[in-house]
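Here are my notes on this model, point by point. Have a look at the fold first, then at the side chains I picked out.

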Amino acid sequence: MRTTGLGYGLFTGLGSSVITPDFTRQHATTDYEGFVLHVGAATIYDAHIFNLGLAVGADHLLGPDGRHWIYQHRPWFGVLFGLDLN
């Protein structure tokens, strides 16, 4: 018998983003892919065969263009979906 549950936690990770002059207020001179540090929190509801959750976080571009990046430290929200295939 499976039961339902609620989970929550914090997360951090590294990712990448395409950096262009348009995303750096015309500060970057070329297009490149920059390292981004992601941080946030999430909560997930486990309902037998599927999971549903919400996440909130912020991104931090590593490198010299970070202070000009339009998404620097701006909050984002996400919806999480999961399906149990067992």
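1. Let me start with one pair in the middle of things: glycine 40 has glycine 57, in S3, as its bridge partner. Strands here are DSSP runs of E at least two residues long, helices are runs of H or I at least four long, and both are numbered from the N terminus. Two strands count as paired if DSSP finds at least two bridges between them.

2. Before going further, a word on what you're looking at. This is a predicted model, in which local features need pLDDT of at least 70 and side-chain atom pairs count only at pLDDT 80 or more, while totals for chains, interfaces and linings use all residues. Residues are numbered from 1 along each chain as its sequence is written, and side-chain values use heavy atoms, with hydrogens and water left out.

3. The overall plan is easy to read: 0 helices and 4 strands, in the order β-β-β-β. The radius of gyration is 17 Å, well over the 12 Å that the globule rule gives for 86 residues, so the chain is more spread out than a compact globule. (That radius is taken over C-alpha atoms, and the rule is 2.2 Å times the number of residues to the power 0.38.) The C-alpha atoms fill a box of roughly 60 × 20 × 15 Å along the principal axes.

4. Now the pairings. S1 (residues 5-19) runs antiparallel to S2 (residues 32-47), with 15 bridges joining them; serine 17 sits opposite glycine 34 of S2. S2 also pairs with S3 (residues 50-61), again antiparallel, over 12 bridges, and there threonine 43 faces leucine 54. The hairpin of S2 and S3 has 2 residues between the strands, and histidine 48 takes a positive phi near 60° in it.

5. On to S4: S3 pairs with S4 in the antiparallel sense over 9 bridges. Leucine 54 turns up again here, with valine 79 in S4 as its bridge partner.

6. Which residue would I click on? Try aspartate 59, in strand S3. Aspartate 59 is buried but has no salt bridge, and the nearest side chain of opposite charge, arginine 74, is 10 Å away. Buried means under 20% relative accessible area, exposed over 50%, and partly exposed in between (1.4 Å probe, protein chains only). A salt bridge needs a side-chain nitrogen of Lys or Arg within 4 Å of a carboxyl oxygen of Asp or Glu; Lys and Arg count as positive and Asp and Glu as negative, with His and the chain ends not counted.

7. Aspartate 59 does have a polar contact, side chain to side chain, with histidine 38 (2.7 Å). That term means a pair of N or O atoms within 3.5 Å; within protein, one must be able to donate a hydrogen and the other to accept it, and residues adjacent in sequence count only if both atoms are side-chain atoms.

8. Finally, glutamine 72 lies in the loop between S3 and strand S4 (75-83). Glutamine 72 is buried at 15% relative accessible area, and its side chain makes a polar contact with that of histidine 60 (3.0 Å).
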